[in-house]
Amino acid sequence: MHALFEFHKVWGYVAIVMNAIAGVIALVAWRWRAARGRYVWVATIVAEAALMLQVLVGTILVASKDYVAPRFHMFYGFVAFLTVGIAYQYRRQMRGRREMFYGLVGLFLMGLGIRAVLQAG
């Protein structure tokens with residue numbers, strides 16, 4: 001469990017940076033049509049998958065009873081998990097603004113990750 005905990009600590013920063021980059025890429029693609037392409041969605045999917053892996057590892061750690069996370073740390077992980085699911089549900093309604101939507105979602109997930117790291121102290 002200790003190795004999993006160390007992975008969780010490092011991967012948190014990886015997920016934060018990946019979501020920040022994916023968010024900026026999507027916002028640039030929203031603003032400039034020439035920047036749109038498959039890479040925008042690949043970056044978004046990879047970043048959100050990284051965050052879902054982070055949530056999964058955190059859940060495993062808490063379920064093991066070897067690790068007690070601060071309540072707000074778990075809350076931010078839960079909100080991040082819900083955000084990815086809700087964003088997926090709303091993707092069709094955001095036609096024409098999908099890049100803007102996922103750009104803001106990526107930056108929001110980055111912010112949640114930063115708050116979670118600060119709560120873990």
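Helices here are DSSP runs of H or I with at least four residues, and strands are runs of E with at least two, numbered from the N terminus. With that in hand, let's walk through the structure. This is a predicted model, where local features need pLDDT of at least 70, side-chain atom pairs count only at pLDDT 80 or more, and totals for chains, interfaces and linings use all residues. Residues are numbered from 1 along each chain as its sequence is written, and side-chain values use heavy atoms, with hydrogens and water left out.

The protein chain has four helices and zero strands, so to speak an α-α-α-α pattern when you read along the sequence. Its C-alpha atoms fill a box of roughly 50 × 25 × 20 Å along the principal axes. The radius of gyration, taken over C-alpha atoms, is 15 Å, which agrees with the value near 14 Å for a compact globule of 121 residues. That globule rule is 2.2 Å times the number of residues to the power 0.38.

Now for the inside. Buried means under 20% relative accessible area, exposed means over 50%, and partly exposed is in between (1.4 Å probe, protein chains only). Of the 121 residues in the protein chain, 37% are buried. Contact means heavy atoms within 4.5 Å. Among the chain's contacts with a separation of 6 or more, 77% involve residues 24 or more positions apart.

Take helix H2 next, which covers residues 38–63. Its 26 residues reach 37 Å from the first C-alpha to the last, close to the 38 Å expected at 1.5 Å a residue; the expected span is 1.5 Å times one less than the number of residues. Buried residues in H2 include Val-40, Thr-44, Glu-48, Leu-51 and Leu-61. What covers the buried residues of H2 includes helix H1 (2–31), H3 and helix H4 (98–120). After H2 comes Lys-65, with a positive phi near 70°.

Which residues does Thr-83 touch, leaving aside its neighbours within four places in sequence? They are Val-105, Phe-108, Leu-109 and Leu-112. Thr-83 lies in helix H3 (residues 71–90) and is buried, with a relative accessible area of 13%.

Tyr-76 is found in H3 too, and Tyr-76 counts as buried at 13% relative accessibility. Beyond its neighbours within four places in sequence, Tyr-76 is in contact with Leu-112, Arg-115, Ala-116 and Gln-119. Tyr-76 and Gly-111 are 35 residues apart in sequence, and their C-alpha atoms are 9.6 Å apart in space.
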